[in-house]
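The following exercises are to be worked through with the model at hand. Each task is followed by a solution in steps.

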Amino acid sequence: MVNLKRWRMWPWLWASCAEIEYSATPDSMAAHARDNNDQDIAAILERLKDRDYRDAADVARGFGEVKKRNDT
């Protein structure tokens, strides 16, 4: 399990999400991250709600939801 308190990975997250072709599902984004050897980011992307994400800002909101669920 990935420690979601390690939010220092945000620069790498943004770099990874910037290369994704949107709209994208968590599975397709995780596959993209794994293709780029970003296993930690892929593990977090897999925890996003199963829906289409329109852009990197939408993904960031999804990460906020994951973090909130993890903190409670």
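**Exercise 1. Locate Ser23 in the chain and describe the peptide bond that leads to it from Tyr22.**

Step 1. In this predicted model, Ser23 belongs to the loop that connects helix 1 (10-18) with helix 2.

Step 2. The bond from Tyr22 to Ser23 has an omega near 5°, and it is cis. As a background for this value, most peptide bonds are trans.

Step 3. Ser23 also has a partner far along the sequence: Arg54 is 31 residues away, yet the two C-alpha atoms are 4.5 Å apart.

**Exercise 2. Describe the surroundings of Arg54 and decide whether Arg54 is buried or exposed.**

Step 1. Arg54 is part of the loop between helix 3 and helix 4.

Step 2. The cut-off for an exposed residue is a relative accessible area over 50%. Arg54 has a relative accessibility of 57% and therefore counts as exposed.

Step 3. When neighbours within four places in sequence are set aside, the contacts of Arg54 are Tyr22, Ser23 and Arg61. Both residues of the cis peptide bond, Tyr22 and Ser23, thus appear among these contacts.

**Exercise 3. Determine which residues are linked with Asp58 in a network of salt bridges, and compare the accessibility of its members.**

Step 1. The search gives four salt bridges.

Step 2. Asp58 forms one of them with Arg51, where the closest N and O atoms are 3.0 Å apart. Another joins Asp58 to Arg61, with a closest N to O distance of 3.6 Å.

Step 3. Arg61 and Asp58 both lie in helix 4, and because they are three residues apart, about one helical turn separates them.

Step 4. The network as a whole consists of Arg51, Arg54, Asp58 and Arg61.

Step 5. A residue is buried under 20% relative accessible area and partly exposed between 20% and 50%. Asp58, at 3%, is therefore buried. Arg51 is partly exposed at 30%, and Arg61 is likewise partly exposed at 45%.

Step 6. Arg51 has a further partner: its charged end sits over the ring of Tyr53, 4.0 Å from the ring centre.

**Exercise 4. State which parts of the chain are linked by the salt bridge between Arg34 and Glu46.**

Step 1. The closest N and O atoms of Arg34 and Glu46 are 2.6 Å apart, and the two residues form a salt bridge.

Step 2. Arg34 is in helix 2, whereas Glu46 is in the loop between helix 3 and helix 4; the pair, twelve residues apart, links distant parts of the chain.

Step 3. Arg34 has a relative accessible area of 34% and so is partly exposed. Glu46, at 44%, also counts as partly exposed.

**Exercise 5. Explain what is notable about the phi angle of Asn37.**

Step 1. Asn37 is located in the loop between helix 2 and helix 3.

Step 2. Its phi is positive, about 60°, although Asn37 is not a glycine. For comparison, most residues other than glycine have a negative phi.

Step 3. Asn37 has a relative accessible area of 65%, so this residue is exposed.

**Exercise 6. Identify the helices that supply at least two residues each to the largest nonpolar core.**

Step 1. The core has 14 residues, and those that touch the most other members are Met29, Ala33, Leu45, Leu48, Tyr53, Val59 and Phe63.

Step 2. At least two core residues come from each of helix 2 (26-35), helix 3 (39-45) and helix 4 (56-71). Helix 3 gives the largest share, with four residues.

Step 3. Tyr53 thus has two roles: it is a member of this core, and its ring lies beneath the charged end of Arg51.

**Exercise 7. Summarise the protein chain as a whole.**

Step 1. The chain contains four helices and zero strands, and the order of elements from the N terminus is α-α-α-α.

Step 2. Of its 72 residues, 35% count as buried. The accessible surface is about 4,600 Å², and carbon and sulfur atoms account for 48% of this area.

Step 3. Among contacts with a separation of 6 or more, 54% join residues that are 24 or more positions apart.

Step 4. A search for aromatic pairs throughout the structure finds zero.

Definitions and conventions:
Residues are numbered from 1 along each chain as its sequence is written. This is a predicted model: local features need pLDDT of at least 70, side-chain atom pairs count only at pLDDT 80 or more; totals for chains, interfaces and linings use all residues. Side-chain values use heavy atoms; hydrogens and water are left out. A nonpolar core is a set of buried Ala, Val, Leu, Ile, Met, Phe, Trp, Tyr and Cys residues joined through side-chain atoms within 4.5 Å. Buried means under 20% relative accessible area, exposed over 50%, partly exposed in between (1.4 Å probe, protein chains only). Contact means heavy atoms within 4.5 Å. Accessible areas come from the Shrake-Rupley method with a 1.4 Å probe; for residues, only the protein chains shown count as cover. Rings of Phe, Tyr and Trp (its six-membered ring) pair if their centres lie within 6.5 Å; planes under 30 degrees apart count as stacked, over 60 as edge-to-face and the rest as tilted. A charge sits over a ring if NZ of Lys or CZ of Arg is within 6 Å of the ring centre and within 35 degrees of the ring normal. A salt bridge is a side-chain nitrogen of Lys or Arg within 4 Å of a carboxyl oxygen of Asp or Glu.
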